[in-house]
Amino acid sequence: MENTYLTKKDVIKLNKDTYIVTFENIKFELGQFIMIETKNLVRKPFILGTWNNHPAISVQIKGKGTEYIVKTQNNIKAHFPLGKKFIPPSGKGMVIISPTCITLANLITKEYNCDVLVGSKTPLEYKIPFEFATGDVEFANKVEKLKKYDWYLISGSKAMENFVLSKIESNNIYVSLEEYMGCGIGACKSCAVFTKNGVKHICTDGPIFRRDEL
């Protein structure tokens with residue numbers, strides 16, 4: 001694990017409040033995440049991915065910390081990579097995500113055979129190479145019309161995850177969990193989740209889990 005300062009290369013506005021932030025080259029595996037320090041030294045986790053051939057994260061501005069990460073011109077301190085590598089099953093997959101996970105989806109499409117559906121609450125302000133839906137109604141219609149896939153990865157809000165899970169059936173469903181975490185290395189235990197196999201920690205056992213484990 002590295003604990004160092006990163007240089008931002010580009011910031012791209014994706015929709016009303018979500019941005020893609022790209023960095024200089026760093027090493028990580030698909031499914032891993034990064035913890036970034038904010039101005040007040042509070043660390044925030046972001047799933048890693050790629051955009052325009054650079055390492056990247058998607059940041060939704062929810063407060064001063066995320067606003068700082070998007071707008072600062074300074075190098076930002078981070079530790080990475082964290083979490084476990086994600087290896088999907090064989091066959092064709094479907095990745096259903098919110099804009100906050102679009103860089104993860106982009107990386108998966110580079111390495112595995114899959115389609116992507118992005119559900120955004122507000123209109124996109126940037127052209128993306130994936131199918132997308134704006135608003136709950138359009139998103140629901142597209143989810144209900146999905147064809148059968150060999151595996152699914154879902155990452156977004158709890159409401160979005162629950163809706164998608166109610167509409168698809170498969171033995172190979174994965175979800176990327178988002179919970180508060182303080183350290184990212186399993187020390188603070190704040191991201192513990194109860195699973196069928198006992199207590200797991202999102203930071204060290206995830207962040208991507210099989211749905212039937214939870």
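In this predicted model, helix 3 and helix 4 pack at an angle of about 30°, and their axes lie 10 Å apart. Because angles under 35 degrees count as roughly parallel, helix 3 and helix 4 are therefore described as roughly parallel to each other. The crossing in which helix 3 passes helix 4 is right-handed. On the side of helix 3, the residues that take part are F139, A140, V143 and E144, and they meet M160, F163, V164 and K167 of helix 4. The residues of this contact divide into six nonpolar and two charged, with no polar residue among them.

Both helices also belong to the surroundings of the largest pocket, since helix 3 (136–144) and helix 4 (158–167) each supply at least two residues of its lining, as do strand 5 (43–47), strand 7 (54–60), helix 1 (64–71) and strand 10 (114–120). Strand 5 gives the most to this lining, with five residues.

The two pockets can be set side by side as follows.

| Pocket | Volume | Lining residues | Nonpolar / polar / charged |
|---|---|---|---|
| Largest pocket | about 1,100 Å³ | 43 residues | 17 / 17 / nine |
| Second largest pocket | about 210 Å³ | 13 residues | six / one / six |

Which residues of the lining are the closest to the centre of the largest pocket? They are Q60, K62, S98, T100 and E178. In the second largest pocket, the residues that lie nearest the centre are K84, K85, D205, I208 and E213, while strand 16 (residues 208–210) gives the most to the lining, with three residues.

Definitions and conventions. Residues are numbered from 1 along each chain as its sequence is written. This is a predicted model: local features need pLDDT of at least 70, side-chain atom pairs count only at pLDDT 80 or more; totals for chains, interfaces and linings use all residues. Side-chain values use heavy atoms; hydrogens and water are left out. On a 1 Å grid over the protein atoms alone, a cavity is a set of points where a 1.4 Å probe fits but cannot get out, and a pocket is an open set with protein on both sides within 12 Å along at least five of seven lines; lining residues have an atom within 4 Å of a point. Grid points are joined across faces, edges and corners, and a volume is the space filled by probe spheres set on the points. Helices (H or I, at least four residues) and strands (E, at least two) are DSSP runs, numbered from the N terminus. Ala, Val, Leu, Ile, Met, Phe, Trp, Tyr, Cys and Pro count as nonpolar, Asp, Glu, Lys and Arg as charged, and the others, Gly among them, as polar. Axes are lines fitted to C-alpha atoms, for helices over the stretch in contact, and angles run from 0 to 180 degrees between N-to-C directions. Angles under 35 degrees count as roughly parallel, over 145 as roughly antiparallel, 65 to 115 as roughly perpendicular and the rest as oblique. A crossing is left-handed if the near helix is turned anticlockwise from the far one by less than a right angle, and right-handed if clockwise. Contact means heavy atoms within 4.5 Å.
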